[in-house]
Amino acid sequence: MVVETQVQVHAGLEGIVVARTRMSKVIGEEGRLIYAGYDIHDLAEHATFEEVAYMFWYCCLPNRRQLLSFEDSLRSRRNIPFHVMDLIRSAPTLQSHPMSVLRTAVSALALGDPGSNDISQASNLRRAADITAKIPTIVAAHDRNRKGLEVIGPREDLDHASNFLYMLHGRMPSEVESRALNLYLVLLADHEFNASTFSARVTASTQSDIFSAITSALGTLKGPAHGGAAEQTMLQLLEIGDPDNVEAWYRAARAQGKRIYGMGHRVYKSQDPRAVHLQRATAQLAELGDPRWYQIALKLEQVAREDPYMIERKIYCNVDFYSAPLLYYLGIDPDLFTCIFAMARVVGWIGHLLEQYSDNRLIRPRSEYVGPEGLRWIPIDER
Ligand code: COA
């Protein structure tokens, strides 16, 4: 006799709490984000990316001495090994998406690390600094290599954000540019149990190593429903092309049932608190460059806000919406945007991984089988 049992399936794990974390807290209905006890608005105002990384990994804000030593440790680890540089140079220049190159290069970092299977806290902290410091070098090296430009090595006298822009463009960034990128990195450093963080923790829960977990996270971040949304948002702004085209473009997109990239969120059902700061920084950059991209974004937000469809569904601008023009103003190509997101989120992933390793339980959910049952094997010639 088959006993029918009612199985409740939580598609997309929506609303399911699967772990406890000290990293960050999203209060979706209120549009609030807290990192380790600090409101994101406070951090946006004051923090450097390096301070946030330290806070996540060591569970407190660093004092001046701790911060200096932490910054030194990151700066001294920026050079990438030869085998990774060879791999970057061997990537087909036109076809390789920068996220595919980054994912492969981070995975390859493990090849030069004989103790990569060691998941002790001390080893993981060393590797955490290594991976975080090297990601910007990988991203900048690949971008310059694919454009046929000379690859520029890292500088130890620059902070994380400035050094990346320097390696990418081969010139010192202005203070406004460095500040804007630092802000972006701070705001995107963590976000509770987003999809890439979850996949990193699933990998770590099998006691696999930190390189594997970050590689899993990079693969998950790549999708347009997650980290890939900023690239799509910028393509949208470029397609619109002019603030006067916004309304017609929006009406046509909605009539075709298209999703508007950079809008909507699984958890936020009000304003994403990060968008406010990104908008402000984008406005500053727009004053120094072509104001069009900011103006288009501003108008698109306004048009969407007045659309009853969006109002009913509580769809607001998400973090990617103003990230897109902000990164574009920094001279970063749209197909690089997800890599810049990864530069930020890696410190959150690592904080979560340290938590997972220190109090691990294999993450292994169940599924409801809905296929046929009781079939008999059919020999190949009878199929
Ligand atoms: N544009 C238009 N409609 C949208 C929308 C958007 N950006 N985001 C959600 N919706 C609509 C859906 O069509 C759906 O409408 P319906 O109820 O008539 O079917 C409803 O809102 C709920 O959408 P759903 O996909 O179930 O919500 P979700 O919580 O799974 O989606 C996202 C969250 C992020 C995947 C979704 O908002 C989205 O695709 N946004 C665009 C991509 C993006 O910017 N991603 C970055 C996230 S930080």
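User: A polar contact is a pair of N or O atoms within 3.5 Å. In this predicted model, how far is an oxygen atom of the ligand from an N or O atom in the side chain of R266?
Analyst: The cut-off for a polar contact is 3.5 Å. The pair at R266 falls within it: an oxygen atom of the ligand and an N or O atom of that side chain. Their separation is 2.9 Å.

User: Which residue offers a polar backbone atom to a nitrogen atom of the ligand?
Analyst: The ligand is surrounded by 18 residues, and R259, I260, G262, M263 and N318 are the closest. The side chain of N318 has an N or O atom 2.9 Å from an oxygen atom of the ligand. For the ligand nitrogen, the backbone partner lies at 2.8 Å and belongs to M263.

User: E301 touches M263. Is E301 buried or exposed?
Analyst: E301 sits in helix α14, residues 292–305. Its contacts beyond four places in sequence are M263, Q271, Q279, C317, F321 and Y322. The limit for buried is under 20% relative accessible area. E301 has 9%, so it is buried.

User: How many residues of α17 are buried?
Analyst: Helix α17 covers residues 337–358, 22 in number. The rest of the structure largely encloses this helix, because the buried count is 21 of the 22 residues.

User: Where is the kink in α17 centred?
Analyst: From first C-alpha to last, α17 reaches 32 Å, close to the 32 Å expected at 1.5 Å a residue. A kink is present all the same, of about 40 degrees. Its centre is R345.

User: R345 touches D190. What is the relative accessible area of D190?
Analyst: D190 is in the loop between α8 (175–187) and α9 (195–205). Its neighbours beyond four places in sequence are M23, S24, L33, Y35, F56, T197, R345, G348 and H352. D190 is buried, and its relative accessible area is 0%.

User: Which side chain makes a polar contact with the side chain of D190?
Analyst: D190 and V347 are 157 residues apart along the chain, yet their C-alpha atoms are separated by 7.4 Å. G348 and H352 are among the residues that D190 touches. The side-chain polar contact of D190, at 3.2 Å, is with H352.

User: What is the strand order in the open sheet of three strands?
Analyst: β1 and β2 pair over four bridges, in the antiparallel sense. β2 and β3 also pair in the antiparallel sense, over two bridges. β1 (24–27) and β3 (38–39) each have a single partner strand, so both stand at the edges. The order is β1-β2-β3.

User: Which residue in β2 stands opposite K25?
Analyst: β2 covers residues 32–35 and pairs with β1. I27 stands opposite R32 in β2. K25 stands opposite I34.

User: Which residue in the turn of the β1 and β2 hairpin has a positive phi?
Analyst: Four residues lie between β1 and β2. One in the turn has a positive phi of about 65 degrees, and that residue is G31.

User: Which residue takes a positive phi in the hairpin of β2 and β3?
Analyst: In β3, Y38 is the bridge partner of Y35. Two residues lie between these strands. The positive phi, near 45 degrees, belongs to A36.

User: How far apart are the end C-alpha atoms of helix α11?
Analyst: α11 runs over residues 229–240 and has 12 residues. At 1.5 Å a residue, the helix should span 16 Å. The model agrees, at 16 Å.

User: Which residue just after α11 takes a positive phi?
Analyst: Buried residues in α11 are A229, A230, E231, T233, M234, Q236, L237 and I240. Their cover includes α12 (246–255), α14, α16 (319–329) and α17. Just after α11, a positive phi of about 80 degrees is taken by G241.

User: Is L94 buried or exposed?
Analyst: L94 lies in the loop between α4 (82–90) and α5 (98–109). L94 and G37 are 57 residues apart in sequence, with their C-alpha atoms 44 Å apart. The limit for exposed is over 50% relative accessible area. L94 has 78%, so it counts as exposed.

Definitions and conventions: Residues are numbered from 1 along each chain as its sequence is written. This is a predicted model: local features need pLDDT of at least 70, side-chain atom pairs count only at pLDDT 80 or more; totals for chains, interfaces and linings use all residues. Side-chain values use heavy atoms; hydrogens and water are left out. The expected span of a helix is 1.5 Å times one less than its number of residues. The bend at a residue is the angle between axes fitted to the seven residues ending there and the seven starting there. Buried means under 20% relative accessible area, exposed over 50%, partly exposed in between (1.4 Å probe, protein chains only). Two strands pair if DSSP finds at least two bridges between them. Contact means heavy atoms within 4.5 Å. A residue is near a molecule or strand if one of its heavy atoms lies within 4 Å of it. A polar contact is a pair of N or O atoms within 3.5 Å; within protein, one must be able to donate a hydrogen and the other to accept it, and residues adjacent in sequence count only if both atoms are side-chain atoms.
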